[in-house]
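Reader: I should like to discuss the architecture of this protein. Please begin with the terms on which the discussion rests.

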Amino acid sequence: MKTTRKITILGSTGSIGVSTLDVIARHPDRFQAFALTAHNNVEKMLSQCQRFQPRFAVMLDQKSSEQLAGAIKTANIKTEVLSGIESLEKVASLPEVDTVMAAIVGAAGIRPTFAAAQTGKLVLLANKETLVMAGRIFTDLVKQHHATLLPIDSEHNAIYQSLPHHFNGDLVAAGISHILLTASGGPFRCASLDSLKTVTPEQACAHPNWDMGQKISVDSATMMNKGLEVIEAHWLFEAPPDKIQVVIHPQSVIHSMVAYVDGSVIAQLGNPDMRTPIAHAMGYPERIESGVSALDMFKVAHLDFEAPDFERFPCLDLAYQALRAGGNMPAVLNAANEVAVESFLQKRMVFTAIPTMIKHVMQTIQQEEMMTLDDVLRTDKLARAKSHEWLANLQ
């Protein structure tokens with residue numbers, strides 16, 4: 001008889017969190033939403049608590065926590081409301097919890113994701129920043145505490161599915177030539193370079209295939225999202241930068257591929273719906289129903305591929321540079337990008353200034369090795385400060 005797995009969802013009100021709850025709802029005998037967390041979306045969190053009755057609900061923002069607590073009491077829901085980063089770490093490491101969906105966007109998700117790994121959880125990783133900013137530290141932590149790490153990004157999940165079952169991080173021993181990381185190319189794949197200077201936040205967030213939050217949508221438009229995924233792939237699969245090739249595939253049907261030395265290329269295909277990788281990781285090694293419709297190959301009809309244009313997408317090139325440099329550079333890249341994207345969304349700078357800011361900050365901060373999470377967070381703080389300095393001088 002299968003036991004019900006208790007899950008903490010870090011970032012339950014975001015797109016990944018909502019999709020995770022949808023999969024949970026399809027398998028109430030297998031999964032229980034034990035703890036839900038969010039930043040400040042009280043209305044959505046209240047709705048989720050009413051439906052899933054979690055033991056805990058955590059709001060990172062104190063005022064939002066107080067509002068939620070009042071609404072929870074009025075609705076006579078037995079969920080306990082907590083607040084702050086320490087509470088995020090608490091619900092990620094509770095002894096009752098065996099699975100943690102790490103889906104908080106940005107650097108805010110690092111500490112609770114670390115807490116989950118330190119307590120030996122099954123970590124379903126959708127938070128790019130944990131590996132981008134602290135790849136070596138985090139992967140060592142996973143091994144040290146016998147945690148299990150499964151990727152949720154559709155691309156990395158596709159690579160995971162396309163690797164040999166016995167893969168242990170040695171590409172040569174597994175007969176792997178290289179990894180093919182697919183990218184849609186975002187909304188500006190065919191736009192003129194001149195037109196990028198006048199791109200609006202609304203245009204940047206209009207992704208042709210995926211329904212994502214604003215930050216990830218802008219990252220997709222600049223292809224920084226793919227750059228961060230290159231860094232992720234390096235740590236997940238122990239692949240050097242020259243063994244990770246980005247391939248633009250506008251249809252977003254092939255989610256990524258693995259090329260082998262015998263000439264074979266194994267790919268994972270499916271409709272662009274995050275419930276597929278979520279269900280794969282939640283049910284692993286079994287396959288469970290996700291709610292995603294089967295891929296209609298006749299409707300797809302054809303698949304296109306092209307090489308990325310680094311002049312159009314300088315953020316992708318900056319990510320490769322940061323990965324090759326190593327040390328603190330990926331964390332610097334990530335922090336500068338977060339500030340740049342936020343500033344663009346607030347209409348404080350133009351779209352084409354995003355890579356300019358990131359490049360400046362990377363050149364300003366001295367390269368160094370990072371040994372602890374405190375080193376990572378200190379680098380993050382410094383890079384953000386340098387980014388705000390650049391922005392102040394711009395204005």
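Author: Two strands are taken to pair if DSSP finds at least two bridges between them. The model is a predicted one.

Reader: In strand E11, which residue is the bridge partner of Ala259?

Author: Strand E10 covers residues 254–260, and five bridges join E10 to E11. These two strands run antiparallel. The partner of Ala259 in E11 is Val265.

Reader: In what order do the four strands of the open sheet lie?

Author: The pairing in this sheet is mixed. Strands E9 (244–248) and E11 (265–269) are the edge strands, each pairing on one side only. From one strand to the next, the twist averages 20°. The order is E9-E8-E10-E11.

Reader: What angle does the direction of helix H7 make with that of E10?

Author: Helix H7, residues 154–162, packs on the sheet. Its contacts there are with strand E8 (176–183), E10 and E11. The direction of H7 makes with that of E10 an angle of about 40°.

Reader: What is the radius of gyration of the protein, and why does it agree with that of a compact globule?

Author: The C-alpha atoms fill a box of roughly 55 × 55 × 45 Å along the principal axes. For 395 residues, a compact globule would have a radius of gyration near 21 Å, so the value for the protein agrees with that expectation: 20 Å.

Reader: What percentage of the residues count as buried?

Author: A residue counts as buried under 20% relative accessible area. The accessible surface of the protein comes to about 17200 Å². Of the 395 residues, the buried share is 56%.

Technical notes: Residues are numbered from 1 along each chain as its sequence is written. This is a predicted model: local features need pLDDT of at least 70, side-chain atom pairs count only at pLDDT 80 or more; totals for chains, interfaces and linings use all residues. Side-chain values use heavy atoms; hydrogens and water are left out. Axes are lines fitted to C-alpha atoms, for helices over the stretch in contact, and angles run from 0 to 180 degrees between N-to-C directions. Contact means heavy atoms within 4.5 Å. The radius of gyration is taken over C-alpha atoms; the globule rule is 2.2 Å times the number of residues to the power 0.38. Buried means under 20% relative accessible area, exposed over 50%, partly exposed in between (1.4 Å probe, protein chains only). Accessible areas come from the Shrake-Rupley method with a 1.4 Å probe; for residues, only the protein chains shown count as cover.
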